Amino acid sequence: AAPGPRSYTTLRDEAVKLFNSLQQLESERDPVPLMQGVLQTCLDLPPLVDEIYCQLVKQTTEPPAPGGQGDLHYWQLLTCMSCTFLPSQPVLRFLRFHLDRQSRFPSSEMAKYACFIREALGKTKGRECVPSLEEILVLMRRQEMICTVHCPGAPACSVAISSHTTAEEVTGRVARELVSRLGLSQSPNLFALYEQSRRREQPVGSTTLLADVLTRFE
């Protein structure tokens, strides 16, 4: 299930807990729930976003085993952070400098994560929800998610989306396919995207990130 409401203590105490979580992440066999927990804390306590960015930069600077499991877990969490939160400008400059240094080893996994993160930071505007477990898994592999859109009078459409894809973008893609399939080129109808659960059905705002909608379903 997606993370629920939490109770927190002081920022200092929560920063210490997050640091301990990062230490645990290094040897964690299944890091996804731990990563989601760190992201949820940062969403609930925004002052800790810069703290986690700085800690992750520190952990990925001259690690004892470059490219090892622990190092890659830190880069993967850094990837998830970059698709969820923007740090303050001073930390962002520090982070970009750190990412640029990875170009010294262009064929390494760290350089590939650094490139992905750099691009993500140019698109991230803030999230309503933390990434779902599925989204974290695909971000760890630097891939896209597949979103299924059910259409009236036509088979369902499978659409590849990123952490930054909006409902408006998906509606445009699906509408073009529907117009072609159903011969609606002269139709004045407009298309909208809806999310439906057992209890309700509601339109999805045009600027809503589809990744946030999928997290709510999780």
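1. Helices here are DSSP runs of H or I with at least four residues, numbered from the N terminus. With that in mind, Lys 17 and Glu 14 can be placed in one element, helix H1, where they sit 3 residues apart, about one turn of the helix. Their side chains meet in a salt bridge, with an N to O distance of 3.4 Å. The two partners differ in their surroundings, because Glu 14, at 5% relative accessibility, counts as buried, whereas Lys 17 is partly exposed, with a relative accessible area of 44%.

2. The model under discussion is predicted, and the remarks that follow should be read in that light. The protein contains 9 helices and 4 strands, and from the N terminus on its elements run α-α-α-α-α-α-α-β-β-α-β-β-α. Of its 218 residues, 45% count as buried. Among contacts with a separation of 6 or more, 67% are accounted for by residues 24 or more positions apart.

3. Turning to helix packing, helix H1 (residues 11-25) and helix H4 (residues 69-82) pack at an angle of about 130 degrees, and their axes are 9 Å apart. Angles of 65 to 115 degrees count as roughly perpendicular and those over 145 as roughly antiparallel, and H1 and H4 are therefore oblique to each other. On the H1 side the contact is made by Leu 22, Gln 23 and Leu 25, and on the H4 side by His 73, Tyr 74 and Leu 77. Sorted by character, the residues of this contact divide into 4 nonpolar and 2 polar, with no charged residue.

4. Helix H3 (residues 48-59) offers a check on geometry: at 1.5 Å a residue, its 12 residues should span 16 Å, and the end C-alpha atoms are 16 Å apart, which agrees. The buried residues of H3 are Leu 48, Val 49, Ile 52, Tyr 53, Gln 55, Leu 56, Val 57 and Gln 59. What covers these buried residues includes H1, helix H2 (32-44), H4, helix H5 (89-101) and H6.

5. A search of the whole structure finds 8 salt bridges, and the pair within H1 is not the one case that merits a look. Glu 135 and Arg 127 join their side chains in a salt bridge at 3.0 Å, N to O, and both Glu 135 and Arg 127 are buried.

6. Which parts of the chain does the pair Arg 216 and Glu 128 tie together? The side chains of Arg 216 and Glu 128 meet in a salt bridge at 2.9 Å, N to O. Arg 216 lies in helix H9 (residues 210-217) and Glu 128 in the loop between helix H6 (109-121) and helix H7 (133-140), so the pair ties together parts that are 88 residues apart in sequence. Arg 216 counts as partly exposed at 32% relative accessibility, while Glu 128 is exposed, with a relative accessible area of 51%. Elsewhere, salt bridges that share partners join Glu 109, Lys 112 and Arg 142 into one network.

7. A last point concerns Ser 197, which lies in the loop between strand E3 (194-196) and strand E4 (201-203). At 35% relative accessibility, Ser 197 counts as partly exposed. Ser 197 and Phe 217 are 20 residues apart in sequence, and their C-alpha atoms are 8.0 Å apart in space.

Technical notes. Residues numbered from 1 in each chain as written. Predicted model: local features only at pLDDT ≥ 70, side-chain atom pairs only at ≥ 80, totals over all residues. Heavy atoms only, no water. Axes fitted to C-alpha atoms, helices over the stretch in contact; angles between N-to-C directions. Helix = DSSP H or I, 4+ residues; strand = E, 2+ residues; numbered from the N terminus. Parallel < 35°, antiparallel > 145°, perpendicular 65-115°, else oblique. Contact = heavy atoms within 4.5 Å. Nonpolar A, V, L, I, M, F, W, Y, C, P; charged D, E, K, R; others polar. Salt bridge = Lys/Arg side-chain N within 4 Å of Asp/Glu carboxyl O. Buried < 20%, exposed > 50% of the residue type's maximum accessible area, 1.4 Å probe, protein only. Expected span 1.5 Å × (residues − 1).
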